[in-house]
Amino acid sequence: MVNLEVKLKDLILKNPVMTASGTFGYGEEFEDFIDISQLGGILVKGTTRHHREGNPYPRMAETPSGMLNAVGLQNKGVEYFCDNIYPRINHYNTNILVNVSGSVIEDYVETAAMINELDKIPAIELNISCPNVKEGGMAFGTSCSSAASVVREVRKVYKKHLMVKLSPNVTDITEIAKAVEAEGADSVSLINTLLGMAIDSETRKPLLSTVTGGLSGPCVKPVALRMVWQVFNAVNIPIVGLGGIMNAKDAIEFILAGASAIQIGTANFIDPQITVKVVEGIKEYMIRHQVENVTDLIGAIKTQ
Amino acid sequence: MVNLEVKLKDLILKNPVMTASGTFGYGEEFEDFIDISQLGGILVKGTTRHHREGNPYPRMAETPSGMLNAVGLQNKGVEYFCDNIYPRINHYNTNILVNVSGSVIEDYVETAAMINELDKIPAIELNISCPNVKEGGMAFGTSCSSAASVVREVRKVYKKHLMVKLSPNVTDITEIAKAVEAEGADSVSLINTLLGMAIDSETRKPLLSTVTGGLSGPCVKPVALRMVWQVFNAVNIPIVGLGGIMNAKDAIEFILAGASAIQIGTANFIDPQITVKVVEGIKEYMIRHQVENVTDLIGAIKTQ
Amino acid sequence: MKKLVQDFEVLHKEELNDGTFVIDVKASAPLPDIKPGQFVNVLVENTANTFLRRPLSIHFVDYEKNIIKLYIKKIGEGTAKLGELLLGDKLNIVFPLGNQYSIPKNSKTLLIGGGCGVAPLLYLAKHLKDAGNEVTTILGVRSAYDAVELDPYKQYGRIFVTTEDGSIGEKGYPTQHSVLNEKFDYTFTCGPEPMMKAVAAYSKSKNIPCEVSLENTMACGFGACLCCVTDTKRGNICTCTEGPVFNINELKW
Amino acid sequence: MKKLVQDFEVLHKEELNDGTFVIDVKASAPLPDIKPGQFVNVLVENTANTFLRRPLSIHFVDYEKNIIKLYIKKIGEGTAKLGELLLGDKLNIVFPLGNQYSIPKNSKTLLIGGGCGVAPLLYLAKHLKDAGNEVTTILGVRSAYDAVELDPYKQYGRIFVTTEDGSIGEKGYPTQHSVLNEKFDYTFTCGPEPMMKAVAAYSKSKNIPCEVSLENTMACGFGACLCCVTDTKRGNICTCTEGPVFNINELKW
Ligand SMILES: Cc1cc2nc3c(=O)[nH]c(=O)nc-3n(C[C@H](O)[C@H](O)[C@H](O)COP(=O)(O)OP(=O)(O)OC[C@H]3O[C@@H](n4cnc5c(N)ncnc54)[C@H](O)[C@@H]3O)c2cc1C
Ligand SMILES: Cc1cc2nc3c(=O)[nH]c(=O)nc-3n(C[C@H](O)[C@H](O)[C@H](O)COP(=O)(O)OP(=O)(O)OC[C@H]3O[C@@H](n4cnc5c(N)ncnc54)[C@H](O)[C@@H]3O)c2cc1C
Ligand SMILES: Cc1cc2nc3c(=O)[nH]c(=O)nc-3n(C[C@H](O)[C@H](O)[C@H](O)COP(=O)(O)O)c2cc1C
Ligand SMILES: Cc1cc2nc3c(=O)[nH]c(=O)nc-3n(C[C@H](O)[C@H](O)[C@H](O)COP(=O)(O)O)c2cc1C
Ligand code: FES
Ligand code: FES
């Protein structure tokens, strides 16, 4: 009776619930807990042109209603992904999106081009917002011109759905969103992590090997919601909202603020079944509020 | 035995604990709970050239480990402050700082000039970072040139300690800090609130009359700490750190990250005695760690 | 009146129905003078999502036993957690906060409460009676199940009930109760805004003074944050210091 | 081995000393096969500051009663809260996680534990004995007060204690205990890193295999976040999936 399907342009999701890159492994880590085919899509780990070791331990610190991470895009590189991981996971009956990260534009372009060849990957999420790598990463996402140029170049080689993941560590996120829209991004996802830091007052040392790291979890939700709403009012491409979603209520809030779909990140660590619970919760909300299509809720916040 | 005194250039604080503007009224609201003379200083309410009614109710929403506010600088204007409030509070045996806000540069200048005449006010905190007013406010704090120009003009008329309060809603806070330092700011305080938003999924309405508001409380601490540390590595003037300080441990973290003094905001609402408890807690920490001068802790984080 | 922040001890708890309970909390030091209409701000500990204190009206004060009674309706995580407090648990409270209802003398007073809005009315009824007033209370609830704790009001005057389903008392809203045909000198109300507005309209039509108690969301409860304002004829003023009780003439209702 | 997320019930709690306790939690469904060295990740509810789960070693498993025993040292808000659980309370657990200690056959095995590092050793001792090994356990603690729960080890072999203040057992660190003069075939250790490094050094000097259990901070516990890595000869690898047990040859110690 209720219709949960959403379209991000050409990309059809059976429901608006996806997973956030870097928090859901390659999906396999969750097979014991949930039926992955019940999700709208999964975003696999940040993938780079070459193998990356990531940052040294410690990489994580708990913070009030959240956590900092400094994983630093540890992954075996796009070739390994295509040859070894893709064949293992391409049977999933859901959209598999690869989160593409890089340090220089060519890396993004080459990685995207390789993933363009993978039949069962209908979209990539271009990560121009990772705060945990020294070169590149977030730097691309914090100026309009560099964000535009990486999207422009990737757009030339990547023919399917191109989602661009925005950084919240900017003065005006709408400027960046408009810049990537102008270069042909099919959708934007936001937010990546906020740059933060934690210190152990007893040892007087930072809690992360990299000193600063990326903040995620419910603590960032108010900022993420605000940015989704701002971007909703600034661009015409669909928005994927994320940042601190812990339950269906949070997911609905993002949709009301303007997100066509949402991603769940940190919450997966606390409840590995949370994604399917959120799908259920959205259904219940729609029944209770007599909403037929979940698309009727997108941006439906009443600000008078 | 332990020495808690800190100097912000010429401004001497008997200890590093101050209160954050807009969270401590005019101090009077706390007289029942604490002895205000035990604090390093108090920052009174945001004061503007003219009377302001502030924003309509609702102005507040609770968020995970924090709150959003949209007070919008409700105050009776600087003349009322000078004539009616100042005489009532100038007997406090601590530093009273006035937080000066405005919509246009002349307002800042005129307000600062009037406060310059008040004997018992040794410093102002220039608020170029309030996210809750339509015109001005945060806009000044999010670009180097506008931040610089407001500081430049105020510096001409304000002869005492000029502290400038920075907005965290920027791509690179060190740029703004350097810009205001170059114009003669004596110190910087950071952070003001992060711009956020909250929605009631049941009513589909924003929880604030202004839709967006300022996020404060422990949820913002990782971001605030990171910014203090970044600014500490970028400027030579003293830094006053704030954002989510709930106890002495948090205060020590800010000092280790580079703050010469700290401010306590939202925590005052939850425990109106928290400020004096933090002074005590810093003392205990120093005794336990055999630190003679609190100044020895400033920026003393070991990042190797 | 000096405001205090103190640990109280939970001495007694009574479930009135599924979602409503009264707790008695005992102060460690003699209670200061507390006025009807004032409130406390309690710290809800051991929960993931209650960051700020929760304001609650003072339902009754027993100076001899050093006890404050709180009448609480569970609506979210904070009030639910208060419902789980065990006898002997500590509760940190900032009090007494806010202004108070006016206490006329030798008049015919009408008290109208709905939902958890009855909370401040019991203590008010006592003060009104002590000042020689005649007290009539109407409690408006959904159905008989919610018509809890009526007896205590009887010692101060008459108590009537209206229920939406007519399962007890008169059917309808409290402002439709037949006792309103009598002539009263003052009305006092607390409850959902639509109900209070109806009481205000009734009072205006009868030309009698009416005081309402607002439940604006609050961050501090003692005038420091300016979050709790209500729009009055004098502009935005704080519900926590200049309220929660307002004469309807002050409001823009 | 399929990982599960389930509500357990707190069935029994025993304070060993001021800061250490053992809780028995009962599963609602029959327990899967659990290996020595594996751990669980528990959700600590009703606290303001424990956002993530807390990893805890599996101290013992009673398949008949469907019980897992956890041995917990209070070091912060999360573990303190676990200490306040009441019988009958629910505890949400993700399990079984991680790899396992190797179980040799018919060998002379030495187990060295310090602090809450003893947690996985009891269940390991049982498995070692079941496989025909001779089990010697040394527990290193600060003083007699911390030398708790020694008896259960006796059913699987010998147990010795070292204390820093000499108040019970031999004075000194566990790696200084006289029983180390005997010849062992394998060492297994868990505890503070300096102690484990000393055990590793001892094992290397004697040229015997040594397995350590790391307690890196974790966000997920099942391989999804890559936060828990340790630097090995194969690069950064996850402690929660490829550990927590490592042969010291894999580590860069
Ligand atoms: C001066 C004053 C006196 C009060 N006296 C009493 C009393 O005696 N007994 C009693 O039971 N309650 C009283 N209340 C209301 C009580 O404070 C709230 O019910 C409580 O704070 C809710 O906390 P919670 O964590 O249970 O719910 P939350 O999880 O905070 O809220 C649940 C839902 O209720 C809404 N909500 C919460 N508080 C308010 C509010 N103040 N206004 C509008 N919507 C709100 C939230 O938006 C949310 O949708 C009083 C409030 C005030 C301001
Ligand atoms: C695989 C594994 C098995 C474990 N088994 C047990 C067990 O059986 N029994 C037991 O009591 N504990 C065990 N631990 C440790 C236990 O997880 C921590 O003590 C617990 O998470 C602390 O939570 P807390 O909220 O009490 O303290 P917190 O408030 O989180 O921390 C208090 C202090 O301890 C430090 N700290 C916390 N966790 C760690 C860590 N993992 N490494 C270094 N410093 C840390 C914090 O930085 C802080 O300074 C195990 C850990 C792991 C990874
Ligand atoms: C451990 C961890 C690893 C992450 N790795 C990536 C990544 O590789 N690529 C990326 O775009 N975002 C990454 N993120 C960011 C998340 O995808 C997400 O944007 C962020 O955590 C906010 O959502 P949340 O609050 O729901 O977790 C990572 C986050 C965490 C916590
Ligand atoms: C209710 C409220 C009102 C505030 N008003 C002001 C203000 O008038 N001027 C200002 O510079 N900052 C104002 N702030 C911001 C605080 O001074 C402080 O920068 C911020 O809350 C972060 O600190 P905290 O997390 O300790 O509260 C206000 C904050 C709150 C919560
Ligand atoms: S609640 Fe803070 S001023 Fe009223
Ligand atoms: S804790 Fe998440 S991968 Fe190990």
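**Ligand 4, the B–A interface and ligand 1**

A polar side-chain atom of B:Thr266 sits 2.5 Å from an oxygen atom of ligand 4, a polar contact in the sense used here (a pair of N or O atoms within 3.5 Å; within protein, one must be able to donate a hydrogen and the other to accept it, and residues adjacent in sequence count only if both atoms are side-chain atoms). Taken alone, ligand 4 exposes 610 Å², and the protein buries 96% of that (accessible areas by the Shrake-Rupley method with a 1.4 Å probe; for residues, only the protein chains shown count as cover). The model is a predicted one: local features need pLDDT of at least 70 and side-chain atom pairs count only at pLDDT 80 or more, while totals for chains, interfaces and linings use all residues. As for bookkeeping, residues are numbered from 1 along each chain as its sequence is written, chains are lettered from A and ligands numbered from 1 in the order in which they are written, and side-chain values use heavy atoms, with hydrogens and water left out.

Back to the pocket: ligand 4 lies between chains B and C. Its shell holds 21 residues, the closest being B:Ser21, B:Lys165, B:Gly217, B:Gly244 and B:Thr266 (a residue counts as near if one of its heavy atoms lies within 4 Å). Besides B:Thr266, B:Asn127 puts a polar side-chain atom 3.1 Å from an oxygen atom of ligand 4, and B:Gly46 has a polar backbone atom 3.4 Å from an oxygen atom of this ligand. Sorted by class, the shell comes out as five nonpolar, 15 polar and one charged residues (Ala, Val, Leu, Ile, Met, Phe, Trp, Tyr, Cys and Pro count as nonpolar, Asp, Glu, Lys and Arg as charged, and the others, Gly among them, as polar).

Next comes the interface of chain B with chain A. Here 45 residues of chain B touch 45 residues of chain A (contact means heavy atoms within 4.5 Å). The buried area is about 3900 Å², with carbon and sulfur atoms giving 64% (the accessible area, 1.4 Å probe, that two parts lose on being put together, summed over both). On the chain B side, B:Met197, B:Ile199 and B:Arg204 lose the most area to chain A, together 19% of what that side buries.

There are two salt bridges between these chains (a side-chain nitrogen of Lys or Arg within 4 Å of a carboxyl oxygen of Asp or Glu). One of them joins B:Arg288 to A:Glu202, with the closest N and O atoms 2.8 Å apart. Polar contacts link 18 residue pairs, both partners at pLDDT 80 or more. Helix 5 of chain B brings the largest share of the side that touches chain A, six residues (helices, H or I of at least four residues, and strands, E of at least two, are DSSP runs numbered from the N terminus). That side of chain B divides into 25 nonpolar, 12 polar and eight charged residues.

Ligand 1 has a shell of 20 residues, and C:Pro55, C:Tyr71, C:Lys73, C:Gly78 and C:Thr79 are the closest. Backbone N or O atoms show up in its polar contacts: C:Pro55 lies 2.6 Å from an oxygen atom of the ligand, while C:Tyr71 and C:Glu215 each come 2.8 Å from a nitrogen atom. Ligand 1 alone exposes 890 Å², of which the protein buries 74%. Strand 4 of chain C gives the most to this shell, with four residues. By class, the shell has 10 nonpolar, six polar and four charged residues.
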